[in-house]
Amino acid sequence: MLLGYRLDALRARVRARWLGMLGLAVGAGAQVHPGVRLRHGEGCAIGERSILYRGVQILATAGGRFRIGRDSHLAPGGYLLVGAQQLLIGDDVAIGPGLMLFCESNDVQGAGLFRQQYRRAEVRIGSNVFIGARVTVLPGSVIEDRVAVAAHAVVSGRLASGWLYGGAPARALRRLDGAEGLSA
């Protein structure tokens, strides 16, 4: 393994331990690389051997909470706006670069100023999930266990287990077990 990579990983583990002393629950072997921006309070956690790469931002404010399971990683450039909501990411989740995930976002329902209208809801991502590059996940979305989401998809609602999803909005493209048909 390259010496530079080992040094980066070591620095990231030290940074994760430091964040643990500041109140973030950090599992053994977790890595938080330089350039990661975390705003969190009590009840936020990063699981064992999970990695937050450079440029990831997780903003949990006003009592918002996030939990990232073990052996998961968020690639560079992810923006996760938790706000006062809850974000749950399971174990063995691989998230590609440029993820945009919103537990709260502006909404365009009814009369009035759009900048004053919001949709706020918990987001849950199961275990053994792959999310491709530049995916957008909207408030209230649920991605069940064993799901793959293609690059540039827009996730809104529930994605059922065992499927590859893609498009905007994301829709089932094929079963992951190779069986024919698109019925869930």
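This tour goes from the whole protein to one glycine and its surroundings.

The model is predicted: local features need pLDDT of at least 70 and side-chain atom pairs count only at pLDDT 80 or more, while totals for chains, interfaces and linings use all residues. Residues are numbered from 1 along each chain as its sequence is written, and side-chain values use heavy atoms, with hydrogens and water left out.

Select the whole protein and show it as a cartoon. Look for 1 helix and 23 strands; these are DSSP runs, H or I of at least four residues for helices and E of at least two for strands, numbered from the N terminus. The C-alpha atoms fill a box of roughly 45 × 45 × 25 Å along the principal axes.

Next, switch to a surface. The accessible surface comes to about 9500 Å², and 54% of it belongs to carbon and sulfur atoms (Shrake-Rupley method, 1.4 Å probe). Of the 184 residues, 41% are buried, meaning under 20% relative accessible area, with exposed being over 50% and partly exposed in between.

Now select Gly157. This residue sits in the loop between strand S20 (154-155) and strand S21 (158-159). Gly157 is partly exposed, with a relative accessible area of 30%.

Add Gly140, Ser141 and Val142 to the selection. Gly157 touches these residues, leaving aside residues up to four places away in sequence; contact means heavy atoms within 4.5 Å.

Finally, pick Leu138. Leu138 and Gly157 are 19 residues apart along the chain, and their C-alpha atoms are separated by 8.0 Å.

Conventions:
Buried < 20%, exposed > 50% of the residue type's maximum accessible area, 1.4 Å probe, protein only.
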